[in-house]
Amino acid sequence: MNAEQAEDHLAERAERAVRERAGQQGPCSCDELLEHLFEFLDAELDEGQEARLRRHAAECPTCTEATDAEQHIRELVRRSCLEVAPSSLKLRVRSQLSVLKVTRVQVD
């Protein structure tokens, strides 16, 4: 980001902050949606801000793709976390942890 882009970005954020404090929220930008993507998907925003981001995501192909991609990644992680480790692996891990604890106690 060059100096001019950084200045524009700061000006946009300042204007948005002033509007939000005054209760006047303008249209959502791609930068704003991406900045708040995790809070948006986790339903951690107030109703007004969530509605603005939802409208933008529905109208903007780039932001629709970004939200869909993040939701897909979350679903993959969620499914991966459901897998149960085999009992043989659990036994090996516990055994190694016991060895490390005994070694640490002897060294200390």
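Aspartate 46 caps the N-terminal end of α4, with a side-chain oxygen 3.1 Å from the backbone nitrogen of glycine 48. The model is a predicted one, and this cap is a handy place to start reading it.

Helix α4 itself takes in residues 47–59. How far apart should its ends be? At 1.5 Å a residue, 13 residues should span 18 Å, and the end C-alpha atoms do sit 18 Å apart, so expectation and model agree. As for burial, Gln49, Glu50, Arg52, Leu53, His56 and Ala57 of α4 are all tucked away as buried residues. They take up an arc of only 160 degrees around the axis, which puts them on the same side of α4. The face turned away from that buried side is where the exposed residues Glu47, Ala58 and Glu59 are found.

Next comes helix α5, made up of residues 61–80. Here the 20 residues should span 28 Å at 1.5 Å a residue, and with the end C-alpha atoms 28 Å apart, the check works out again. Cys63, Thr67 and Glu70 are the buried residues of α5. Looking down the helix axis, these fall within an arc of 65 degrees, so they line one face of α5. Over on the other side, Pro61, Thr62 and Glu65 are exposed.

Further along the chain, helix α6 covers residues 87–107, and leucine 97 belongs to it. How exposed is leucine 97? Its relative accessibility is 45%, and because partly exposed residues lie between the buried cut-off of under 20% and the exposed one of over 50%, leucine 97 counts as partly exposed. Leucine 97 also has nonpolar company at the surface: together with Leu89, Val93 and Leu100 it forms a patch there, and the four share about 340 Å² of accessible area.

Back at the start of the chain, asparagine 2 lies in the segment before α1, the helix of residues 3–21. Asparagine 2 is partly exposed too, with a relative accessible area of 43%. Which backbone atoms does its side chain reach? One is the backbone nitrogen of glutamate 4, at 3.0 Å. Another is the backbone nitrogen of glutamine 5, which the side chain of asparagine 2 reaches at 2.7 Å.

Notes
Residues numbered from 1 in each chain as written. Predicted model: local features only at pLDDT ≥ 70, side-chain atom pairs only at ≥ 80, totals over all residues. Heavy atoms only, no water. Patch = residues over 30% accessible without salt bridge, like charges linked within 9 Å, V, L, I, M, F, W, Y side chains within 5 Å. Areas by Shrake-Rupley, 256 points an atom, 1.4 Å probe, with all protein chains shown as cover. Salt bridge = Lys/Arg side-chain N within 4 Å of Asp/Glu carboxyl O. Helix = DSSP H or I, 4+ residues; strand = E, 2+ residues; numbered from the N terminus. Buried < 20%, exposed > 50% of the residue type's maximum accessible area, 1.4 Å probe, protein only. Expected span 1.5 Å × (residues − 1). Arc of directions from axis to C-beta. Polar contact = N/O pair within 3.5 Å; in protein donor to acceptor, adjacent residues only side chain to side chain.
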